[in-house]
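Here is a short briefing to read with the structure open beside you. Take a look at the sheet and the pocket first, then come back to the notes.

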Amino acid sequence: MASIFTKIINGEIPCYKIAEDDSYFAFLDINPISEGHTLVVPKKEVDYIFDLEDEVLTGLMNFSKKVALGIDEALGTIRTGVIVEGMEVPHAHVHLVPIYFEGQPVSLGRKTEVSKERMEELAQLIGKAVKA
Ligand code: 5GP
């Protein structure tokens, strides 16, 4: 069965999309650790990130870098953190977590309330800042 992320990529489930290319897709996490928390996934569905072919893994990190730099530019972070865990959704993904201040808690399971309107705005702001 297709993963929830494959359904998002295929447009069967809505998301706050940020960017995509032929092989990768980035969208906001619906349970953000901080404003702008983004997931980056390969379009090819593989559960464990280290089962990805080398070139797909490298491409995933390169695409994540582009998105992270867009987050930094759009949202004025001090940097963007990276988490890979993958115990909830069996489709490899990179969490990009905007960090706004020293000492900001950055761990999965922490949730910040963000309104639908702000999620739409964040996706637009980040999407515009991601360089092709
Ligand atoms: P992990 O598998 O690394 O533990 O985390 C999976 C992440 O996917 C969680 O942070 C969760 O909030 C996010 N997530 C789960 N279902 C959906 C969904 O339908 N849409 C979006 N945008 N994020 C989701």
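The notes below cover the sheet, the helix across it and the largest pocket.

This is a predicted model, in which local features need pLDDT of at least 70, side-chain atom pairs count only at pLDDT 80 or more, and totals for chains, interfaces and linings use all residues. Residues are numbered from 1 along each chain as its sequence is written, and side-chain values use heavy atoms, with hydrogens and water left out.

**Sheet**
- Five strands (DSSP runs of E, at least two residues, numbered from the N terminus) make an open antiparallel sheet in the order 1-2-3-5-4.
- Strand 1 (17–20) and strand 4 (79–83) are at the edges with a single partner strand each, so one side of each has no neighbour in the sheet.
- From one strand to the next, the twist averages 20° (axes are lines fitted to C-alpha atoms, for helices over the stretch in contact, with angles from 0 to 180 degrees between N-to-C directions).
- Strand 1 pairs with strand 2 (residues 24–28) in the antiparallel sense over three bridges; pairing takes at least two DSSP bridges.
- Lys 17 sits opposite Phe 27 of strand 2.

**Helix across the sheet**
- Helix 2 (residues 54–75) lies across strands 1, 2, 3 (38–42), 4 and 5 (94–99), and runs at about 20° to strand 5; helices are DSSP runs of H or I, at least four residues, and contact means heavy atoms within 4.5 Å.

**Largest pocket**
- Its volume, the space filled by probe spheres set on grid points joined across faces, edges and corners, is about 490 Å³.
- A pocket is an open set of points on a 1 Å grid over the protein atoms alone, where a 1.4 Å probe fits, with protein on both sides within 12 Å along at least five of seven lines; lining residues have an atom within 4 Å of a point.
- Of the 26 lining residues, Asp 29, Ile 30, Asn 31, Leu 39 and Glu 88 lie nearest the centre.
- Helix 1 (4–9) and strand 2 each supply at least two lining residues, and helix 1 gives the most, with three.
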